[in-house]
Amino acid sequence: MAKKKLDVCIIDDEIVVCKRLQQALARNRHTVETFVDSRSGIERLSEKHFDIVVTDIRMDDIDGMEVLDHVIKKGEATKVIMITGYATIEIAREAEAKGAFDFISKPFKPQD
């Protein structure tokens, strides 16, 4: 059975994270859009439906929790995966309570 091609949005202020995730996901034929500016990422989320949003939690301007709130308010079945280099149990619990699909600590490998 063929895997479903997913539309993925990556929002992370570290360009290297965006590039590595994009490369890993594109190898599996997923469509990937990346944003190092969270405001641009939010604007794109308003325009298009994505199956998955991967967002850093700590970013300038708009943080990952606000990205999560935006996705939830849209009311779509988009899964949000939160990533951060500042992982704490409290942040993970807050993200999960707000509706995040998963929480991954940096550094991580693309297969994570």
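Me: What makes a nonpolar patch in this predicted model?

Reply: In this predicted model, a nonpolar patch consists of residues with over 30% relative accessible area and no salt bridge, their nonpolar side chains being joined within 5 Å. Ile15, Val16 and Val36 make such a patch, with an area of about 250 Å².

Me: Why is Ile15 called exposed?

Reply: The relative accessible area of Ile15 is 53%. The term exposed applies over 50%, and therefore Ile15 is classed as exposed. Ile15 lies in helix α1, which covers residues 15-27.

Me: How do you know that Cys9 and Cys18 do not form a disulfide?

Reply: The sulfur of Cys9 has its closest cysteine sulfur in Cys18, at 9.0 Å. A disulfide requires the two sulfur atoms to lie within 2.5 Å, so the distance of 9.0 Å is too far for a bond. The structure holds 0 disulfides.

Me: Why are Cys9 and Cys18 described as buried or exposed?

Reply: Buried means under 20% relative accessible area. Cys9 has 0% and is therefore buried; Cys18, with 2%, is buried as well.

Me: What makes Cys9 stand out in the largest nonpolar core?

Reply: This core has 20 residues, and Cys9 is among those that touch the most other members, together with Ile11, Leu45, Val53, Val67 and Met82. Two or more residues come from each of β1 (7-11), α2 (38-47), α3 (64-74), β4 (79-84) and α4 (89-98). Helix α3 gives the largest share, 4 residues. Apart from this core lies another, of 11 residues, including Val8, Ile10, Val32 and Ile83. In soluble globular proteins, nonpolar side chains tend to be buried together.

Me: Which residues does Met82 contact beyond its neighbours within four places in sequence?

Reply: The contacts of Met82 are Thr55, Ile57, Gly64, Met65, Leu68, Ala95, Ala100, Asp102, Phe103 and Ile104. Each of these counts as a contact because heavy atoms lie within 4.5 Å.

Me: Why is Ile62 called buried, and where is Ile62 found?

Reply: Ile62 has a relative accessible area of 10%. That value is under the 20% limit, so Ile62 is buried. Ile62 is found in the loop between β3 (52-56) and α3.

Me: What does Ile62 touch, and how far is Phe35 from Ile62?

Reply: Leaving out residues up to four places away in sequence, Ile62 touches Ser38, Arg39, Ile42 and Val67. Phe35 is 27 residues from Ile62 in sequence, and their C-alpha atoms are 12 Å apart in space.

Terms used
Residues numbered from 1 in each chain as written. Predicted model: local features only at pLDDT ≥ 70, side-chain atom pairs only at ≥ 80, totals over all residues. Heavy atoms only, no water. Core = buried A, V, L, I, M, F, W, Y, C linked by side-chain atoms within 4.5 Å. Buried < 20%, exposed > 50% of the residue type's maximum accessible area, 1.4 Å probe, protein only. Patch = residues over 30% accessible without salt bridge, like charges linked within 9 Å, V, L, I, M, F, W, Y side chains within 5 Å. Areas by Shrake-Rupley, 256 points an atom, 1.4 Å probe, with all protein chains shown as cover. Salt bridge = Lys/Arg side-chain N within 4 Å of Asp/Glu carboxyl O.
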